[in-house]
Amino acid sequence: MPSRLQAPGVSARFLDLLAAERLDESRVLDVGCGSGRLALALAPACTWVVGLDRETALIREARRRAAAAGLANVEFHEADVEREPYHPWKPDLVTAHLCASDAIVERAAEALRPGSCLAMVAFHVDQWKETGKVSRFAYDEARMRRVLEGQGFSIEALEVEREVRRFASVEEGLAAAVGLEDRWRADGRWFRYIAFLESGGRTLTRSHLVVKARRA
């Protein structure tokens with residue numbers, strides 16, 4: 001059956017994996033929640049949802065959005081999800097959308113009971129590969145498998161979702177990345193991407209890992 005969960009910009013496959021859990025009996029901890037996109041989509045289907053993020057402005061916006069939606073079973077707190085423990089929130093399910101690290105997996109393993117799930121969307125190493133720089137938050141399949149199994153998780157889904165945009169000209173390639181320009185200028189990727197286009201490259205790759213693993 002198709003997932004009843006809907007969240008703009010979130011993988012439909014990821015939402016289907018979440019919908020397969022007993023959400024109506026679950027307390028969900030959404031780490032790196034940002035402004036609450038995933039947490040707010042999950043809240044109507046869940047017992048309780050807690051979103052954590054270290055950015056004060058994003059937590060403030062998530063709370064505003066929850067209030068505007070009239071959701072009484074979701075709360076948001078400022079926290080460093082790579083350092084602070086998750087067990088005080090007593091989660092049945094830990095989610096992380098485009099926020100993945102070895103530390104997050106380790107803390108989820110500490111907090112989840114046997115049989116409970118960790119579900120994530122992580123950046124794949126091919127994400128924006130045309131810039132010649134791999135994010136420190138990016139994983140390939142082998143590394144993600146090692147991290148999960150090393151923390152006692154049994155993997156149920158480990159899938160790559162990849163979209164490659166193709167362009168007819170340098171100008172089209174630059175236009176496709178215009179929303180990323182400021183960030184890429186700050187870390188040097190913008191100039192590498194221009195060099196890629198000027199040398200004849202005509203692609204831009206978006207690539208994510210969709211993960212679901214159960215605590216053994």
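**View 1. Cys 99 and Cys 33, two cysteines that stay unbonded.** The sulfur of Cys 99 has its closest cysteine sulfur in Cys 33, 9.1 Å away, which is too far for a bond. Please keep in mind throughout that this is a predicted model. Seen from the other side, the closest cysteine sulfur to Cys 33 is that of Cys 99, again at 9.1 Å and too far for a bond. A disulfide would need the two sulfur atoms within 2.5 Å. Searching the whole structure turns up zero disulfides. Cys 33 is also buried, with a relative accessible area of 7%.

**View 2. The largest pocket and its lining.** Cys 99 returns here, in the company of His 97, Leu 98, Phe 123 and Phe 137, as the lining residues that lie nearest the centre of the largest pocket. How many residues line this pocket? The count is 39. Helix H2 (37-42) and strand S7 are the elements that give two or more residues to this lining. The space in the largest pocket comes to about 930 Å³. Sorted by class, its lining has 17 nonpolar, twelve charged and ten polar residues.

**View 3. The largest cavity, with His 97 in its lining.** Which residues line the largest cavity? They are Gly 9, Val 10, Ser 11, His 97, Val 121, Glu 161, Arg 206 and His 208. Four of the lining residues are polar, two are nonpolar and two are charged. The volume of this cavity is about 30 Å³, and the structure holds one cavity of 30 Å³ or more.

**View 4. Strand S7 and its two antiparallel pairings.** Strand S7 spans residues 203-215, and ten of its 13 residues are buried. Strand S6 (residues 153-166) runs antiparallel to S7, joined to it by 13 bridges. Arg 166 stands opposite Thr 203 of S7. Strand S5 (residues 117-123) also pairs with S7 in the antiparallel sense, over seven bridges. Here the bridge partner of Met 120 is Val 211 in S7. A general point to carry along as you look: side chains in a regular strand alternate between the two faces of the sheet.

**View 5. Strands S1 and S2, a parallel pair.** Is the pairing of S1 and S2 parallel or antiparallel? Strand S1 (residues 27-31) and S2 pair in the parallel sense, with five bridges between them. One position to look for is Val 31, whose bridge partner in S2 is Leu 52. Strand S2 (residues 48-53) is mostly covered, as five of its six residues are buried.

**View 6. Asp 80 and Lys 90 in the loop between S3 and S4.** Asp 80 is found in the loop between strand S3 (74-78) and strand S4 (93-97). Its side chain reaches the backbone nitrogen of Glu 82 at 3.1 Å. With a relative accessible area of 19%, Asp 80 counts as buried, since the cut-off is under 20%. Lys 90 lies in the loop between S3 and S4 as well, but Lys 90 is exposed, at 60% relative accessible area. The phi of Lys 90 is near 50 degrees, a positive value in a residue other than glycine.

**View 7. Trp 128 and its positive phi.** Trp 128 is not a glycine, yet its phi is positive, at about 50 degrees. You will find Trp 128 in the loop between S5 and helix H5 (141-150). Trp 128 is buried, with a relative accessible area of 16%.

Methods: Residues are numbered from 1 along each chain as its sequence is written. This is a predicted model: local features need pLDDT of at least 70, side-chain atom pairs count only at pLDDT 80 or more; totals for chains, interfaces and linings use all residues. Side-chain values use heavy atoms; hydrogens and water are left out. Buried means under 20% relative accessible area, exposed over 50%, partly exposed in between (1.4 Å probe, protein chains only). Helices (H or I, at least four residues) and strands (E, at least two) are DSSP runs, numbered from the N terminus. Two strands pair if DSSP finds at least two bridges between them. A polar contact is a pair of N or O atoms within 3.5 Å; within protein, one must be able to donate a hydrogen and the other to accept it, and residues adjacent in sequence count only if both atoms are side-chain atoms. On a 1 Å grid over the protein atoms alone, a cavity is a set of points where a 1.4 Å probe fits but cannot get out, and a pocket is an open set with protein on both sides within 12 Å along at least five of seven lines; lining residues have an atom within 4 Å of a point. Grid points are joined across faces, edges and corners, and a volume is the space filled by probe spheres set on the points. Ala, Val, Leu, Ile, Met, Phe, Trp, Tyr, Cys and Pro count as nonpolar, Asp, Glu, Lys and Arg as charged, and the others, Gly among them, as polar.
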